[in-house]
Amino acid sequence: MDLQVSLEDLLQGCKKKLKVTRHVLDRATQAKVSVQEVLEVDIKPGWKAGTRVTFEGKGDERVSGQADDLVFVVREQKHDVFTRDGNDLIQTIKIPLVTALTGGTVTAKKLGGRDEVIRLSEVVEPGKEITLKGLGMPLSKSTTGARGDMKVRFDVMFPKKLTEAAKTQIREILLAAKRSREREGGREGNEENMEREDGGGWYVGAGE
């Protein structure tokens with residue numbers, strides 16, 4: 001039996017009371033009758049889709065009088081912001097082209113907590129992904145409170161139309177940037193820094 005659970009409940013853990021209907025034997029008539037029972041499932045933080053919870057002897061009774069087990073299988077409810085990959089959480093943030101090229105701040109949602117501010121100081125390519133350590137799902141078997149990561153992917157929004165004047169300006173700017181790189185010998189920082197600032201936000205930039 002599928003048990004639908006939200007990512008928020010899988011993050012924090014919770015208890016769910018479920019009303020189930022089972023068929024048992026009437027000892028007097030040997031006919032099967034329906035009875036209802038409330039079972040409580042203790043959802044542990046970090047459980048994944050496919051986790052099985054078994055209640056022994058809580059299924060339908062057979063003619064022999066022996067009852068089957070009742071098995072619930074955890075299914076993750078679709079989330080509006082996040083998708084889950086193992087212990088990691090993934091979200092996609094749309095940013096305008098001007099922010100992707102010139103930098104700025106963006107806000108990333110955080111499951112079960114306040115938003116995270118990310119400061120961009122380098123050019124963000126379409127599809128770029130950054131990792132915020134320790135902001136994913138709890139590791140269900142961890143005794144130290146360890147968590148997975150949160151991965152943020154950027155979807156750069158390009159303008160649908162440009163005037164001829166705007167095209168000329170952009171072309172001149174990009175050509176100037178290309179010439180500047182060529183004069184510097186094409187040296188670029190390849191190492192990405194991802195660290196939390198004192199103010200609580202995250203900084204994304206190229207290494208020195």
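Is Phe72 buried or exposed? Phe72 turns out to be buried, since its relative accessible area is 1% (buried is under 20% relative accessible area, exposed over 50% and partly exposed in between, with a 1.4 Å probe and protein chains only). The model behind this is a predicted one, in which local features need pLDDT of at least 70, side-chain atom pairs count only at pLDDT 80 or more, and totals for chains, interfaces and linings use all residues. Residues are numbered from 1 along each chain as its sequence is written, and side-chain values use heavy atoms, with hydrogens and water left out.

Phe72 also has an aromatic partner. One aromatic pair comes out of a search of the whole structure (rings of Phe, Tyr and Trp, the last by its six-membered ring, pair if their centres lie within 6.5 Å; planes under 30 degrees apart are stacked, over 60 edge-to-face and the rest tilted). In this pair the ring centres of Phe55 and Phe72 are 5.9 Å apart and the planes sit at 90°, so the arrangement is edge-to-face. The two rings link distant parts of the chain, with Phe55 in strand E4 (residues 52-55) and Phe72 in strand E5 (residues 70-76), 17 residues apart (strands, E, are DSSP runs of at least two residues and helices, H or I, of at least four, numbered from the N terminus). Phe55 counts as buried too, with 17% relative accessibility.

Both of these strands belong to an open sheet. Its three strands follow the order E1-E5-E4, and the pairing is mixed (two strands pair if DSSP finds at least two bridges between them). Strand E1 (2-5) and E4 take the edges with a single partner strand each, so one side of each has no neighbour in the sheet. From one strand to the next, the twist averages 30° (axes are lines fitted to C-alpha atoms, for helices over the stretch in contact, and angles run from 0 to 180 degrees between N-to-C directions). E1 and E5 run parallel and are joined by four bridges; Asp2, for one, has Val73 in E5 as its bridge partner.

Then there is an open sheet of four strands, again with mixed pairing, in the order E6-E7-E11-E10. Here the edges go to strand E6 (83-85) and strand E10 (129-132); each has a single partner strand, so one side of each is left without a neighbour in the sheet. On average, neighbouring strands of this sheet are turned by 35° against each other, direction ignored. Strand E7 (residues 88-96) pairs with E11 in the parallel sense over eight bridges. Along this pairing, Thr92 stands opposite Arg153 in E11, and Lys94 has Asp155 in E11 as its bridge partner. The pairing of E10 with E11 is antiparallel, over four bridges, and Thr131 stands opposite Lys151 in E11.

After E11 comes a loop worth a look. Leu162 sits in the loop between strand E11 (150-157) and helix H3 (164-183), and Lys161 is found in the loop between E11 and H3 as well. Lys161 is exposed, at 75% relative accessibility, while Leu162 is partly exposed at 39%. C-alpha to C-alpha, Lys161 and Pro96 are 14 Å apart in space, and they are 65 residues apart in sequence. Leu162 joins Ile170 and Leu174 in a nonpolar surface patch of about 250 Å² (patches are made of residues with over 30% relative accessible area and no salt bridge, like charges being joined within 9 Å and nonpolar side chains, Val, Leu, Ile, Met, Phe, Trp and Tyr, within 5 Å; areas are Shrake-Rupley values with a 1.4 Å probe, and for residues only the protein chains shown count as cover).

As for charged pairs, the count comes to 15 salt bridges (a side-chain nitrogen of Lys or Arg within 4 Å of a carboxyl oxygen of Asp or Glu). One of them pairs Glu37 with Lys58, with 2.7 Å between the closest N and O atoms. Glu37 lies in strand E3 (residues 32-43) and Lys58 in the loop between E4 and E5, so this salt bridge ties together parts 21 residues apart in sequence. Glu37 is partly exposed, with a relative accessible area of 24%, and Lys58 is partly exposed with 27%. Another joins the side chains of Glu76 and Arg84 at 2.9 Å, N to O. Arg84 is buried at 16% relative accessibility, whereas Glu76 is partly exposed at 27%. Salt bridges that share partners also join Lys15, Asp42 and Lys44 into one network. Within that group, the side chains of Asp42 and Lys44 meet at 2.8 Å, N to O.
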